[in-house]
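The following questions and answers go through one protein model, from confidence to strands, core and cysteines.

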Amino acid sequence: MEQIAKPPLDTIESITFFKRDELTTDLICCEINANGQTHLYHEEWEGWEDLIADLEGIDGFRRDWFSKVSQPPFSASRFLAFESRAE
């Protein structure tokens with residue numbers, strides 16, 4: 001499996017987490033908007049842990065995202081974990 005290509009952190013406009021119902025389990029997903037493009041990642045891809053560690057270093061990133069997204073089971077539970085502030 002190929003390593004996830006990540007956008008540069010300083011180009012990220014927003015980060016949203018959500019779940020996909022995979023019948024017997026939920027798949028945690030992350031949608032990153034950067035440079036006018038949307039990048040989609042999920043927890044089963046190689047590099048997921050590194051991606052999350054990088055995102056947690058962004059000032060203003062909500063580190064409580066997992067508890068907000070993981071419950072209730074089999075529900076989309078969209079959560080905006082970061083949104084850049086235009087200056």
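## Confidence, sheet, core and cysteines

The protein averages a pLDDT of 88, and 93% of the residues score at least 70; pLDDT is the predictor's confidence in each residue, from 0 to 100. This is a predicted model, in which local features need pLDDT of at least 70 and side-chain atom pairs count only at pLDDT 80 or more, while totals for chains, interfaces and linings use all residues. Residues are numbered from 1 along each chain as its sequence is written, and side-chain values use heavy atoms, with hydrogens and water left out.

Q: Which element has the highest mean pLDDT?
A: Helices (H or I, at least four residues) and strands (E, at least two) are DSSP runs, numbered from the N terminus. Helix 2 (residues 65-70) has the lowest mean among the elements, at 92. The highest, 97, belongs to strand 4 (residues 79-83).

Q: In what order do the four strands form the open sheet?
A: Two strands pair if DSSP finds at least two bridges between them. Strand 1 (residues 12-21) and strand 2 are antiparallel over nine bridges, strand 2 and strand 3 (residues 37-42) over six, and strand 1 and strand 4 over four. Strand 3 and strand 4 are the edge strands, since each pairs on one side only. The order is 3-2-1-4.

Q: Which residue in the turn between strand 2 and strand 3 has a positive phi?
A: These two strands form a hairpin with two residues between them. Next to that turn, alanine 34 has glutamine 37 of strand 3 as its bridge partner. The positive phi, about 55 degrees, is that of asparagine 35.

Q: What angle does the direction of helix 1 make with that of strand 2?
A: Axes are lines fitted to C-alpha atoms, for helices over the stretch in contact, and angles run from 0 to 180 degrees between N-to-C directions. Helix 1 packs on the sheet and touches strand 1, strand 2 and strand 3, where contact means heavy atoms within 4.5 Å. The angle with strand 2 is about 50 degrees.

Q: How many residues does the largest nonpolar core have?
A: A nonpolar core is a set of buried Ala, Val, Leu, Ile, Met, Phe, Trp, Tyr and Cys residues joined through side-chain atoms within 4.5 Å. Those with the most contacts inside the largest one include Ile15, Ile32, Trp48 and Trp65. Strand 1, strand 2, helix 1 (48-55), helix 2 and strand 4 each give two or more residues to this core. Its size is 19 residues.

Q: Is threonine 16 buried or exposed?
A: Buried means under 20% relative accessible area, exposed over 50%, and partly exposed in between (1.4 Å probe, protein chains only). Threonine 16 lies in strand 1, and its bridge partner in strand 2 is glutamate 31. Not counting residues up to four places away in sequence, threonine 16 touches Cys29, Cys30, Glu31, Arg78, Phe79 and Leu80. Because its relative accessible area is 9%, threonine 16 is buried.

Q: How many disulfides does a search of the whole structure find?
A: A disulfide is a pair of cysteine sulfur atoms within 2.5 Å. For cysteine 29, the nearest cysteine sulfur is that of cysteine 30, 8.8 Å away. Cysteine 29 counts as buried because its relative accessibility is 1%, and cysteine 30 because its own is 0%. The number of disulfides found is zero.
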